[in-house]
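Student: I'd like to learn how to read a structure like this one, feature by feature. Can we go through it together?

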Amino acid sequence: MSGGTAPRVVEDFLGVVQLLSDGSVVRGDEAVLRTNEPLPDVTGVQWKDVLYHPAHGLSVRAYRPASSVAGGSKLPVLVYFHGGGYCLGSIAQPNFHSLCLRAAAEIPAVVLSVQYRLAPEHRLPAAIDDGASFLSWLRGQAGLGAGADPWLVESADFAQIFLSGHSAGANLAHHVTVRVASGQIAVTPVRVVGYILLSAFFAGAERTATEADPPEGVSLTTAMADQLWRMSLPVGASMDHPLANPFGPESPSLAPVELPPALVVAPLSDVLRDRVLGYGARLKDMGKAVEVVQFEGEQHGFPIRQPFSETASELLRVIRRFVYSGN
């Protein structure tokens, strides 16, 4: 570097993502952030990776119950965006993978876990654009008929698509759903009939009560959330940026948007609890179809941190009821 001055660390998220003053990014091993306990296997589920965006090298990890092949039945499709504050995570991360295996088996559904570009290398709206690109790819698959990926031909009901995600993935699912519902993305013959937000990652310039005075022992602190937004939003953006705050002063109104039914899951020992509950309440005030389910005592990311817990099992039962409720 000219002048012999080494770039300094501008942001350091838990030692695994460092943003330097010259814009470069140094990544460590995310495995240090999770336990090394082996996770049980889930039998009766097939999975594979399929490239959906060759230019960006992005893949989708597809899951389907083996019984759907033997029985020839078409299943609803759960599109899933992983969490990680837009800066961490991958479709191969063991806990995300385990939850998707369980979802495919227990809902049951075809689960499509979508890789997207991460910040700070690729700041927003890159990840949301990738989610939109994936839906365009899925639309293309639906239009290919027998020429589509054989797993989708055999097992996927393209008229029963649910967009879902955890944390930042829930934020992503919200924005992609809005793009679809407002006609910004052409998806026919695919039909998005519902969306599911798990511990949604939203923000705002004004602190909520739980952000100002968090529950004891939260897994995601206000400072951590702030840092992830600084690293993922466009440079210089405030917490009221429309991608962070769907109800901010510059955010387009959702009132005229014909959103599909929503399932909003709120763990109550989460620093973002008020954001999530507020999201559900605002949708209800607009007359939208929304179901809000609260999990007492659970932390941000509870189904991912322990994907084989009884609470994760209850969450999957809630999702199953929503998917098969006829919405």
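Tutor: Sure, and let's start with exposure: a residue is buried under 20% relative accessible area, exposed over 50%, and partly exposed in between, using a 1.4 Å probe and protein chains only. Take E314: its relative accessibility is 27%, so it counts as partly exposed. Before going on, some ground rules: this is a predicted model, where local features need pLDDT of at least 70 and side-chain atom pairs count only at pLDDT 80 or more, while totals for chains, interfaces and linings use all residues. Residues are numbered from 1 along each chain as its sequence is written, and side-chain values use heavy atoms, with hydrogens and water left out.

Student: What does E314 pair with in a salt bridge at 3.0 Å?

Tutor: The general idea is that a salt bridge is a side-chain nitrogen of Lys or Arg within 4 Å of a carboxyl oxygen of Asp or Glu. Here E314 meets R317, N to O, at 3.0 Å. Both sit in helix α10 (residues 310-323), three residues apart, about one turn of the helix. Helices, by the way, are DSSP runs of H or I with at least four residues, strands are runs of E with at least two, and both are numbered from the N terminus. R317 has a relative accessible area of 37%, so R317 is partly exposed. R321 also bridges to E314, with the closest N and O atoms 3.9 Å apart. Through shared partners, salt bridges join E310, E314, R317 and R321 into one network.

Student: How many salt bridges are there by this rule?

Tutor: The count comes to 14. One of them is D49 with R61, whose closest N and O atoms are 2.7 Å apart. D49 is in strand β4 (residues 45-53) and R61 in strand β5 (residues 58-65), so this pair ties together parts twelve residues apart in sequence. As for exposure, D49 counts as partly exposed at 41% relative accessibility, whereas R61, at 8%, counts as buried.

Student: On to the sheet. What is the order of its strands?

Tutor: Two strands pair if DSSP finds at least two bridges between them. In this model, eight strands form an open sheet in the order β4-β5-β7-β6-β8-β9-β10-β11, with mixed pairing. β4 and β11 are the edges, each having a single partner strand, so one side of each has no neighbour in the sheet. On average, neighbouring strands are turned by 20 degrees against each other, direction ignored. Axes for such angles are lines fitted to C-alpha atoms, for helices over the stretch in contact, and angles run from 0 to 180 degrees between N-to-C directions.

Student: Do β10 and β11 run parallel or antiparallel?

Tutor: Parallel: six bridges join β10 (residues 262-267) to β11 (residues 290-295). P267, for instance, stands opposite F295 in β11. Between these strands the chain passes through helix α8 (residues 273-285), and this β-α-β crossover is right-handed. Right-handed here means that, with the strands pointing away from the viewer, the path from the first strand over the helix to the second runs clockwise. On the other side of the pairing story, β9 (residues 192-198) is also parallel to β10, with four bridges, and L198 has V265 as its bridge partner in β10.

Student: And aromatic pairs?

Tutor: A pair of aromatic rings is described by the distance of the centres and the angle of the planes. Rings of Phe, Tyr and Trp (its six-membered ring) pair with centres within 6.5 Å; planes under 30 degrees apart are stacked, over 60 edge-to-face, and the rest tilted. The whole structure holds ten such pairs. Y86 and Y116 have ring centres 6.3 Å apart and planes at 70 degrees, so they are edge-to-face. Y86 is buried, with a relative accessible area of 1%, and Y116 is buried too, at 4%. F247 and Y279 form a tilted pair, 5.9 Å centre to centre with 50 degrees between the planes. Ring pairs also link Y86, Y116, F201 and W229 into a cluster.

Student: Why is α7 called largely enclosed?

Tutor: Nine of its eleven residues are buried, so α7 is largely enclosed by the rest of the structure. Among the buried ones are W229, M224 and L228.
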